[in-house]
Amino acid sequence: MGIIKNFVNKVSSKKEEKLIKEQELLYLRLAKEIVIKSKENADKNSEKYGYKVEYKLGDLLVLELPENENLRNNKYFVLAGIKHNIEEMKFVSKELKNDDEFMIQAISQNGRALDYASAKLRDDNAVVLNAVKKDGLALNSASNRIKKDREIVLTAVKQNGLALHCEGISYELKNDREVVLAAVNQDGWALQSASDELKRDREVVLTAVKRDSGSLCFASEELRNDKEIVLAAVKQDGSSLCFASIELRNDNEVVQTACEQCPEAVKFAGEALIKKRLKAIGKSEFASAEESVSEEESNK
């Protein structure tokens, strides 16, 4: 464990970084060539079949091609490639995948490389911590023991709030106010995985809806009736009015704010408010008609 931790801390020397950059130039050249060839084939198919497929850099894998098989065991080429597309790991040689030192370097380039690591590395605190710093969702590939580690989970949700959705995170951590606040501050939709208690926490919910108005749907019934919280949501996206309480869907200020942001939000307005508005419009039109009749009579 200590050896791995020490290696993580000193991963990729300057010399190796230089070699990776050199191989990156080769990777990008080959990737561009693949895109050009694919576009040419797409143009031919377009003429023949009447449809066209657009390709861009990153859509196609360099190591997938048989002619590049010799590069699948090239450590520095692979490290350069996964910086651009982690899917390249699917075609890396077994020899490299079984090399812990290489995998630790791969994880330092792209946290999602943890998906391809050995069970030993996925259960190593230092390795996983390094991975989630790069990509919070790498937590999905960590061992169940690691997913109960507060420091690692907190680091993961700070990088990507949706890491809170990872299967295996304990209820205790989903009920940890600091962890959940960090998650919803990064991505409001993380509120979905918070404990019921924290879905009733005003600061947590307000932070979530300010980040993403749609997260209002995960708030407690009580907070979906909190005017400040609902106003914060509908100011971002009027259609989130649909998640507000019946009482606030009949609140003139809330509905007006929602409709100013999204006119279609009117369909989520409460029935009582709509009837009240229609009645007011009717009276206004009747009053205008009376004034017109009075003017005509006075002009006779």
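How much area does the chain expose, and what share of it do carbon and sulfur atoms supply? About 17000 Å² is exposed, with carbon and sulfur atoms supplying 48% of that. Keep in mind that this is a predicted model.

**The overall picture**

We're looking at a chain with 15 helices and zero strands. It runs to 300 residues, and buried ones make up 45% of them. As for how the chain meets itself, take the contacts between residues at least 6 apart in sequence: 48% of these join residues at least 24 apart.

**Inside the core**

In soluble globular proteins, nonpolar side chains tend to be buried together. Here, the largest nonpolar core holds 80 residues, and the members touching the most others are Leu139 and Val157. What does Leu139 contact once its neighbours within four places in sequence are set aside? Its partners are Val132, Lys147, Ile152, Val153, Ala156, Ala163, Cys166 and Ile169.

**Helix α12 and its surroundings**

Helix α12 covers residues 227-236, and its buried residues are Ile229, Val230, Leu231, Ala232, Ala233 and Val234. These pack against three other helices: α11 (202-211), α13 (246-249) and α14 (252-261). At the start of α12, Asp226 puts a side-chain oxygen within 3.1 Å of the backbone nitrogen of Glu228.

Charged side chains also link α12 to other parts of the chain. The structure has 17 salt bridges in total, and three that involve α12 residues are set out here.

| Salt bridge | Closest N to O distance |
|---|---|
| Arg202 and Glu228 | 2.5 Å |
| Asp251 and Lys227 | 3.4 Å |
| Glu253 and Lys227 | 2.9 Å |

Start with the salt bridge between Arg202 and Glu228. Arg202 belongs to helix α11 and Glu228 to helix α12, so this pair links parts of the chain 26 residues apart. Is Arg202 buried or partly exposed? Partly exposed, at a relative accessible area of 35%. Glu228 is also in the partly exposed class, with 43% relative accessibility.

Then there's Lys227, which forms a salt bridge with Asp251. Asp251 sits in the loop between α13 and α14, while Lys227 is in helix α12, 24 residues away in sequence. Lys227 itself is partly exposed, with a relative accessible area of 31%.

Lys227 also meets Glu253 in a salt bridge. Because Glu253 lies in helix α14 and Lys227 in helix α12, that pair ties together parts 26 residues apart in sequence. Glu253 comes out as partly exposed too, at 42% relative accessibility.

Away from α12, Arg112, Asp115 and Asp135 are linked in a salt-bridge network.

**What about the cysteines?**

How many disulfides turn up in a search of the whole structure? Zero. Two cysteines show why. For Cys242, the closest cysteine sulfur is in Cys217, and at 8.1 Å it is too far for a bond, given that a disulfide needs the two sulfurs within 2.5 Å. Cys259 tells a similar story: its closest cysteine sulfur belongs to Cys262, 7.9 Å away, which is again too far for a bond. As for its surroundings, Cys242 is partly exposed, at 27% relative accessibility.

Key: Residues numbered from 1 in each chain as written. Predicted model: local features only at pLDDT ≥ 70, side-chain atom pairs only at ≥ 80, totals over all residues. Heavy atoms only, no water. Core = buried A, V, L, I, M, F, W, Y, C linked by side-chain atoms within 4.5 Å. Buried < 20%, exposed > 50% of the residue type's maximum accessible area, 1.4 Å probe, protein only. Contact = heavy atoms within 4.5 Å. Helix = DSSP H or I, 4+ residues; strand = E, 2+ residues; numbered from the N terminus. Polar contact = N/O pair within 3.5 Å; in protein donor to acceptor, adjacent residues only side chain to side chain. Salt bridge = Lys/Arg side-chain N within 4 Å of Asp/Glu carboxyl O. Areas by Shrake-Rupley, 256 points an atom, 1.4 Å probe, with all protein chains shown as cover.
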